[in-house]
Amino acid sequence: MAPDLRQDLQHNWNRIARWYATNTPQGTLVLDKGASEDEIAELETALGQRLPDDLRHSLSLHNGAANEGYLLYHGELLSTRGILKVWQMYRDMQHNEGWGQGDDYETEELQGPIRPVYWDGLRIPLTDNSGDAAMLDLLPAEGGQAGQIIEFDGEVGPRTVLASSFSGWIAQLADELEQGRHVYIEDAGCVAPPGTW
């Protein structure tokens, strides 16, 4: 990975961590130490996919949240182990119960280049908020970019593209926080746009 991308990822995670330290109760989001190369490789083997370089590097910097902390309102920032656990849960529900398949799982709220599929193994959860998530999309629709980040709603499926890449998404979140577009909402215990709850 290019040194400048490595530096950019660390810089943007530092920006996010500083904002949380200044604007939320202590311990709201505690970034964990990085995953080892073996941990990342084990995740990729289980998924049957190589992860994009920016996500691989980010995991090597911060392997999720040490305290099950939420990354904004998107849900708990998952570690390699957490990513695999949620992904396997989705896969098993789909295989054993038909979850995400058939007429009951129409994708009616798609915005942007997302395939009209409720869920499949090429969508990898990076956060988890009781079924809602930000997901890595390794197979977008025409016009999309492999490795884009999409919003997934547990009740309606995929909704919209959040960013064209993981590194772009982290930079976008840092910008939005510093621009005052999000606040800590005490009742919800997370960070979101003012008036969300």
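Good morning. I begin with Glu106, which sits in the loop between helix H4 (80-97) and strand S2 (123-125). Please keep in mind throughout that this is a predicted model. Glu106 has a relative accessible area of 45%, so it is classed as partly exposed. On the surface, this residue gathers with Asp103, Asp104 and Glu108 in a patch of negative charge.

Let me turn from the surface to the interior. In soluble globular proteins, nonpolar side chains tend to be buried together. Here the largest nonpolar core has 48 residues, and those with the most contacts inside it are Ile16, Leu71, Phe166 and Trp169. Several elements give two or more residues to this core: on the helical side they are helix H1 (3-23), helix H2 (37-47), helix H3 (53-61), H4 and helix H5 (166-178). Strand S4 (133-137), strand S5 (148-153) and strand S6 (157-163) belong to that list as well. H5 provides the largest share, six residues.

Helix H3 deserves a separate remark. How many of the nine residues of H3 are buried? Seven are, so this helix is largely enclosed by the rest of the structure. The buried residues of H3 include the leucines Leu55, Leu59 and Leu61. Asp54, Arg56, His57 and Ser58 are buried in H3 too.

Following H3, I would draw attention to Leu72, in the loop between H3 and strand S1 (76-77). Its relative accessibility is 0%, and Leu72 therefore counts as buried. In sequence, Leu72 and Ile16 are 56 residues apart, while their C-alpha atoms are 9.8 Å apart in space. The backbone at this position is also of interest. Most residues other than glycine have a negative phi, and most peptide bonds are trans. Leu72, however, has a positive phi, near 50°.

A second residue of this kind is Ser130, which is not a glycine and yet has a positive phi of about 55°. Ser130 is found in the loop between strand S3 (127-128) and S4. Is Ser130 buried or exposed? With a relative accessibility of 74%, Ser130 counts as exposed, whereas Leu72 counts as buried.

My last topic is charge pairing. Side chains of opposite charge can pair when their charged atoms come close. The structure holds 11 salt bridges, and I shall present three of them.

The first pair to consider is Glu178 with Arg15, where the closest N and O atoms are 2.7 Å apart. Glu178 lies in helix H5 and Arg15 in helix H1, so this salt bridge ties together parts that are 163 residues apart in sequence. Glu178 is partly exposed, with a relative accessible area of 46%, while Arg15 counts as buried at 10% relative accessibility.

The next pair is Asp120 and Arg115, whose side chains meet in a salt bridge at 2.8 Å, N to O. Asp120 has a relative accessibility of 17% and counts as buried; Arg115, at 14%, counts as buried too. Salt bridges that share partners also join Arg15, Asp175 and Glu178 into one network.

Finally, Arg91 forms a salt bridge with Asp92, with the closest N and O atoms 3.2 Å apart. Arg91 has a relative accessible area of 35% and is partly exposed. Asp92 likewise counts as partly exposed, at 35% relative accessibility.

To close, I would return to two features of the predicted model: the largest nonpolar core, with its 48 residues, and the salt bridge between Glu178 and Arg15. Thank you for your attention.

Note on methods. Residues numbered from 1 in each chain as written. Predicted model: local features only at pLDDT ≥ 70, side-chain atom pairs only at ≥ 80, totals over all residues. Heavy atoms only, no water. Patch = residues over 30% accessible without salt bridge, like charges linked within 9 Å, V, L, I, M, F, W, Y side chains within 5 Å. Areas by Shrake-Rupley, 256 points an atom, 1.4 Å probe, with all protein chains shown as cover. Salt bridge = Lys/Arg side-chain N within 4 Å of Asp/Glu carboxyl O. Lys, Arg positive; Asp, Glu negative; His and termini not counted. Charge placed at Lys NZ, Arg CZ, Asp CG, Glu CD. Helix = DSSP H or I, 4+ residues; strand = E, 2+ residues; numbered from the N terminus. Buried < 20%, exposed > 50% of the residue type's maximum accessible area, 1.4 Å probe, protein only. Core = buried A, V, L, I, M, F, W, Y, C linked by side-chain atoms within 4.5 Å.
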